[in-house]
Amino acid sequence: MTTQQTCSDDCGVTATFPPRHWNQTQSETTHQRLQENPEEWSRYHTLYTESRKNWAIIPYQEMIRWCQQRSGYTIGDFGCGEAKLAEAVSDRHTVYSFDHVAVNTDVIACDIAHVPLDDERLDVAIFCLSLMGANFTDYLREANRTLKLDGQLHIIEATSTFSDRAQFQTDLEALGFVVVSVQDVWKFTHIRALKTERRPQTTVKLQF
Ligand SMILES: C[S@@+](CC[C@H](N)C(=O)[O-])C[C@H]1O[C@@H](n2cnc3c(N)ncnc32)[C@H](O)[C@@H]1O
């Protein structure tokens with residue numbers, strides 16, 4: 001466990017995201033709205049960038065560090081935001097960056113419930129603070145579809161987001177993953193899992 005406390009409140013970890021209306025809305029609806037109004041996305045990212053200044057740990061930097069110790073992977077960054085991961089590790093990995101709005105020409109603008117990748121393309125699927133949307137289970141199903149067998153799933157979310165981490169883990173396993181570790185990293189929870197041979201159950205719906 002890593003614990004580096006630098007402020008007494010939650011440093012804006014829960015205040016800034018997920019935006020409540022994004023979280024409570026089907027991603028298809030949010031995607032259409034943000035495509036028509038990318039300024040809403042930019043405004044959100046201005047707030048998110050500001051809020052990160054108070055954080056002792058920045059989740060995408062944790063993932064960059066992890067990627068920098070490895071090479072040769074095909075990685076999906078689901079909900080990449082400013083695509084910092086691709087910027088930092090594209091010299092050693094092939095990175096597909098997906099978000100509602102493309103911050104640069106390397107990012108694929110799409111709803112991460114449906115990414116334009118063939119089955120079993122990815123070695124690693126990363127969700128760094130991006131499980132927004134009432135249907136976020138669909139994002140994890142998409143990770144399962146696009147990951148190779150034994151491929152690696154990383155989820156980092158604010159710990160305060162989870163109402164029941166054990167249940168979340170159980171439900172993730174019903175989606176065809178095996179959870180390898182659940183780690184507290186400052187005010188975040190980092191879940192690592194592997195894709196197994198088990199087919200995802202069709203009825204399971206994960207909850208925060
Ligand atoms: C808090 S930001 C995190 C960005 C980046 N992963 C990071 O760690 O800095 C969450 C991002 O996920 C994206 N996102 C959430 N749900 C999405 C969806 N269904 N389709 C595409 N992008 C999505 C949002 O647009 C936003 O850019």
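Student: How many residues of the shell around the ligand are nonpolar, how many polar and how many charged?

Tutor: The shell has 12 nonpolar residues, seven polar and two charged. Here Ala, Val, Leu, Ile, Met, Phe, Trp, Tyr, Cys and Pro count as nonpolar, Asp, Glu, Lys and Arg as charged, and the others, Gly among them, as polar. Before we go on, two notes. This is a predicted model: local features need pLDDT of at least 70, side-chain atom pairs count only at pLDDT 80 or more, and totals for chains, interfaces and linings use all residues. Residues are numbered from 1 along each chain as its sequence is written.

Student: Which residues come nearest to the ligand?

Tutor: Ser27, Gly79, Gly81, Cys128 and Ser130, out of 21 around the ligand. A residue is near a molecule if its C-beta atom, placed from the backbone, lies within 6 Å of it.

Student: And which elements give two or more residues to that shell?

Tutor: Helices α3 (27-36), α4 (38-52) and α5 (59-68), plus strand β2 (94-99). Helices (H or I, at least four residues) and strands (E, at least two) are DSSP runs, numbered from the N terminus.

Student: Let's stay with α3. Which of its residues are buried?

Tutor: Ser27, Thr30, His31 and Leu34. Buried means 20 or more other C-beta atoms within 10 Å of the residue's own; exposed means 12 or fewer, and partly exposed is in between, with C-beta atoms placed from the backbone.

Student: Why do they line one face of the helix?

Tutor: Seen down the axis of α3, the buried residues fall within an arc of 100°, so they line one face. The arc is that of the directions from the helix axis to the C-beta atoms.

Student: What do they pack against?

Tutor: Against α2 (20-23) and α4. Contact means C-beta atoms, placed from the backbone, within 7 Å.

Student: New topic. Where is Ala174, and what does it touch?

Tutor: Ala174 is in helix α8 (residues 165-174). Leaving out residues up to four places away in sequence, Ala174 touches Gln201 and Val204. Ala174 has 15 C-beta neighbours inside 10 Å, so it counts as partly exposed.

Student: Now β6 and β7. In which sense do they pair, parallel or antiparallel?

Tutor: Antiparallel. Strand β6 (residues 177-185) and strand β7 (residues 188-195) pair over eight bridges. Two strands pair if DSSP finds at least two bridges between them. Phe177 stands opposite Lys195 in β7.

Student: What sits in the turn?

Tutor: β6 and β7 form a hairpin with two residues between them. Trp186 in the turn has a positive phi of about 50°.

Terms used. Two residues are in contact if their C-beta atoms, placed from the backbone, lie within 7 Å.
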